Amino acid sequence: MAQEAREIDPCKVLGIRIDQQGKVTRSNRIPTVPPSCNATGPEAPEDGVLSKDVTIDPPTGLTARIFLPQQQQDAESVQRLPVVLSFHGGGFVLYRPSTILLHGSCHRAAKACNAIFISVDYPLAPEDRLPAAYEDAVTAFRWLRSQALETEVLDPWLESRADFSRVFLSGESSGANIAYNLSLRVFDETGALQVPPLRIAGVVLIQPFFGGIERTTSEVRLAHDKIVPLPVSDLLWRLALPEGADRDHPFCNPLKGGRPSREVLKRFPATMVAVMGLDPLLDRQLEFLKMLQEAGVHVEQRIDPTGSHGVELLDMAKAEALCRDISTFMSSSSVTPSTSSL
């Protein structure tokens with residue numbers, strides 16, 4: 001099966017072309033969609049959820065798409081909602097928050113969890129290799145903190161509806177990798193990244209995208225997977241990692257030489273890790289989950305034995321089940337003493 005995987009054209013699978021200079025041209029086979037609100041029109045909810053695009057860092061042009069569930073008409077008072085700082089998947093190379101599949105995923109999650117989702121439009125590789133996405137995640141986090149501190153122009157949705165004592169860091173696939181690396185910065189013992197008045201109630205990692213030089217059993221067994229066969233995974237890492245880095249770089253393989261200290265990990269709040277039984281990355285995700293548990297992190301594992309990588313974007317029944325799991329986790333999570341003291 002590994003031999004078959006080597007015959008796969010990863011560029012064809014991803015819908016990209018790479019020229020001799022290394023420039024990537026992306027296809028538009030998966031369309032984008034506008035938010036429900038724009039600068040000139042009225043606020044028009046889409047199935048009970050409003051969405052809009054905002055600029056969160058004018059100097060760099062960093063933007064995000066915010067999803068806000070509508071409040072029930074008969075509510076007696078304004079209901080403040082948890083805030084989810086979210087990072088989309090795409091192997092660091094593809095997609096935007098406006099990509100129809102990812103817009104729909106955040107829309108469903110916002111509605112199911114009754115939470116404000118902020119999907120960050122981080123820079124893509126190889127034009128902006130890692131750690132560029134991590135740095136923009138930090139920028140987005142600082143912007144969110146400035147909203148809680150009321151030190152910048154306030155977004156009216158966050159000003160009126162956000163509960164900054166219930167903030168979650170979340171991501172899918174490569175976005176889960178970003179959310180994890182942002183968490184390392186947030187909970188670093190040096191306190192270089194200031195957190196209060198935000199309180200991080202939990203971390204949600206959906207099929208985190210990791211790799212490594214040595215192949216795992218699940219990678220070999222599922223080498224011909226339709227979504228992330230080995231040649232596709234290898235190409236994505238080649239495009240995303242710093243020039244000259246291999247797949248045991250800490251950005252790709254957190255279990256190798258760059259393994260984070262237990263002192264940092266034990267400061268993590270409750271963390272949900274969702275994995276799929278038919279994902280080639282399964283073994284790496286389970287090893288990562290074990291690393292968190294051994295460091296003392298309270299980990300809540302969700303496993304779908306018949307799910308594949310990214311299935312929640314295509315299978316609505318599985319998407320709804322995952323949204324229910326996330327909603328349950330968010331409802332049950334509370335700020336621990338360690339995080340509230342940050």
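Colour the chain by pLDDT to begin, remembering that this is a predicted model: the average over the chain is 92, and 92% of the residues score at least 70. Two stretches stand apart from that picture, and both deserve a look before anything else is selected. Select residues 1–5, where pLDDT stays under 50 and where the model has 10 contacts beyond four places in sequence. Then select residues 335–342, where pLDDT also stays under 50, and for which the model has 15 contacts beyond four places in sequence. Where pLDDT is low, the predicted coordinates should not be read in detail.

Now show the whole chain as a cartoon, in which there are 12 helices and 10 strands to find. If you turn the C-alpha trace along its principal axes, it spans about 65 × 45 × 40 Å. A compact globule of 342 residues would have a radius of gyration near 20 Å, and the chain, with 19 Å, therefore agrees with that expectation.

The next stop is a pair of helices. Select helix 3, residues 100–113, together with helix 11, residues 316–332, and look at how their axes come within 9 Å and cross at roughly 45°. The two helices are therefore oblique to each other, and helix 3 passes helix 11 in a right-handed crossing. To see what makes the contact, show the side chains of Arg 108, Ala 109, Ala 112 and Cys 113 on helix 3, and those of Met 316, Ala 319, Cys 323, Ile 326, Ser 327 and Met 330 on helix 11. Sorted by class, this contact has 8 nonpolar residues, 1 polar residue and 1 charged residue.

Stay with helix 3 for a moment and move on into the loop between helix 3 and strand 6, where Asn 114 is placed. Asn 114 is worth selecting on its own, since it has a positive phi of about 50° although it is not a glycine.

Following the chain past strand 6 (116–120), you reach the loop between this strand and helix 4, which is the place of Pro 131. Is the peptide bond from Leu 130 to Pro 131 cis or trans? The bond is cis, with omega near 15°.

Helix 4 itself belongs to the second pair of helices on this tour. Select helix 4, residues 132–149, and helix 6, residues 174–186, which pack at an angle of about 60° with their axes 9 Å apart. That angle makes helix 4 oblique to helix 6, and helix 4 passes helix 6 in a right-handed crossing. From helix 4, display Ala 133, Tyr 134, Glu 135, Ala 137, Val 138 and Phe 141, which meet Asn 177, Ile 178, Asn 181, Leu 182, Arg 185 and Val 186 in helix 6. By class, the contact of these two helices has 8 nonpolar, 2 polar and 2 charged residues.

For the last stop, continue from helix 6 into the loop that leads to strand 8 (200–206), and select Pro 197, which is found there. The peptide bond from Pro 196 to Pro 197 is cis, with omega near 5°.

Technical notes. Residues numbered from 1 in each chain as written. Predicted model: local features only at pLDDT ≥ 70, side-chain atom pairs only at ≥ 80, totals over all residues. Heavy atoms only, no water. pLDDT = per-residue confidence, 0-100. Contact = heavy atoms within 4.5 Å. Axes fitted to C-alpha atoms, helices over the stretch in contact; angles between N-to-C directions. Helix = DSSP H or I, 4+ residues; strand = E, 2+ residues; numbered from the N terminus. Parallel < 35°, antiparallel > 145°, perpendicular 65-115°, else oblique. Left-handed = near helix turned anticlockwise from the far one by under 90°. Nonpolar A, V, L, I, M, F, W, Y, C, P; charged D, E, K, R; others polar. Rg over C-alpha atoms; globule rule 2.2 N^0.38 Å.
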